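Here are a few exercises to help you find your way around a new structure. Try each task yourself before you read the solution.

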Amino acid sequence: MSDAIPDSLHLYAEKFSSKETRLLRKINRETNTQVPQANMLSGHLQGRFLSMISKMIKPAVILEIGTFVGYSALCLAEGLQENGILYTIDKNDELEERCRRYFHEAGMDKKIKLHQGNALDIIPAIPGPFDLVFIDADKPNYAAYFDLVIDKVRQGGILLADNVLYHGEILLPEDKQSHNAKAIAAFNKKISEDPRIDEVMLTMRDGLFLMMKK
Ligand SMILES: C[S@@+](CC[C@H](N)C(=O)[O-])C[C@H]1O[C@@H](n2cnc3c(N)ncnc32)[C@H](O)[C@@H]1O
């Protein structure tokens with residue numbers, strides 16, 4: 001199954017959205033030619049959305065769970081306050097050098113703190129309060145990530161979770177869903193029932209949950 005929006009409409013939306021910076025375009029291109037599972041990268045349209053949300057909030061502290069090559073971290077960091085900081089976590093140490101190189105090229109290596117390891121172990125050690133959280137790592141742990149961060153998100157703070165339509169698999173009968181799709185379906189139900197947040201599910205790309213802590 002593919003993403004919710006047909007490729008042609010996705011490309012149309014990209015065409016009429018702000019352009020990627022030169023560096024982001026380079027990261028996008030290099031990832032697609034040099035890195036396995038390049039489809040994990042947020043990409044032009046979602047990247048501009050992350051940047052826009054961050055610029056609207058002007059966060060002091062951002063937490064990202066799932067760095068990959070650092071593309072979304074750089075988009076989110078565009079809205080950081082002058083002395084703001086973005087913590088990002090990834091367990092894949094093979095991409096660490098590449099991430100650090102990109103953060104340095106963006107002049108962001110002081111503002112972006114990359115933590116290498118399992119997010120479940122690292123999140124409790126990162127101080128809040130968070131103004132903005134982006135959940136974009138392994139799907140079976142989305143609910144655990146939400147539980148670990150929610151008390152550290154400030155009132156009015158924003159959370160985003162990626163891939164919540166899981167290529168449309170969330171519509172399949174449960175016995176036909178993959179392990180990841182099942183986890184996402186359970187996460188979506190949990191979020192929709194949580195009284196501490198307001199939420200709207202966006203059908204951008206593979207589905208993006210936008211949540212605000214009340
Ligand atoms: C979808 S990619 C992130 C994409 C990135 N946020 C972007 O939009 O460009 C998911 C990343 O989560 C990482 N990951 C998966 N499980 C993890 C875990 N338990 N702890 C930390 N990182 C994890 C993977 O190594 C992978 O790089």
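**Exercise 1.** In which sense do strand E1 and E4 pair, and over how many bridges?

*Solution.* Keep in mind that you're looking at a predicted model. Start by finding strand E1 at residues 61-65; E1 pairs with E4 in the parallel sense, over 4 bridges. To pin the pairing to actual residues, take Ile62: its bridge partner in E4 is Leu132. Now step across to the next pairing. E4 also pairs with strand E5, residues 153-162, again in the parallel sense and over 5 bridges. Leu132 turns up here too, with Ile158 as its bridge partner in E5.

**Exercise 2.** Work out how well covered strand E4 is, and what Ile135 touches.

*Solution.* Strand E4 covers residues 130-135, and 6 of its 6 residues are buried. For comparison, buried residues make up 38% of the 214 residues in the protein. Next, pick Ile135 and set aside its neighbours within four places in sequence. What's left is a list of contacts: Ile65, Tyr142, Tyr145, Phe146, Leu159, Leu160 and Ala161.

**Exercise 3.** Find the residues with the most partners in the largest nonpolar core, and the element that gives the most to it.

*Solution.* A bit of background: in soluble globular proteins, nonpolar side chains tend to be buried together. Here the largest nonpolar core has 52 residues, and Leu76, Val133 and Ile135 touch the most other members. As for elements, H4 gives the most to this core, with 6 residues.

**Exercise 4.** Describe the surroundings of the ligand.

*Solution.* First, count: 17 residues surround the ligand. Then look for the closest ones, which are Ser42, Gly66, Phe68, Ser72 and Asp138. Sort the shell by class and you get 7 nonpolar, 6 polar and 4 charged residues. Finally, ask where they come from: helix H4 (71-77) and strand E2 (85-90) each supply at least two residues of the shell. So that's H4 again, the helix that gives 6 residues to the largest nonpolar core.

**Exercise 5.** Decide how compact the whole protein is.

*Solution.* Begin with the parts list, which is 8 helices and 7 strands. The radius of gyration is 16 Å, close to the 17 Å that the globule rule gives for 214 residues, so the protein is as compact as a globular protein of that length. Along its principal axes, the C-alpha trace spans about 45 × 40 × 35 Å. Last, check the contacts with a separation of 6 or more: residues 24 or more positions apart account for 66% of them.

Terms used. Residues numbered from 1 in each chain as written. Predicted model: local features only at pLDDT ≥ 70, side-chain atom pairs only at ≥ 80, totals over all residues. Near = placed C-beta within 6 Å. Nonpolar A, V, L, I, M, F, W, Y, C, P; charged D, E, K, R; others polar. Core = buried A, V, L, I, M, F, W, Y, C linked by C-beta atoms within 7 Å. Buried ≥ 20, exposed ≤ 12 C-beta atoms within 10 Å, placed from the backbone. Contact = placed C-beta atoms within 7 Å. Rg over C-alpha atoms; globule rule 2.2 N^0.38 Å. Pairing = 2+ DSSP bridges.
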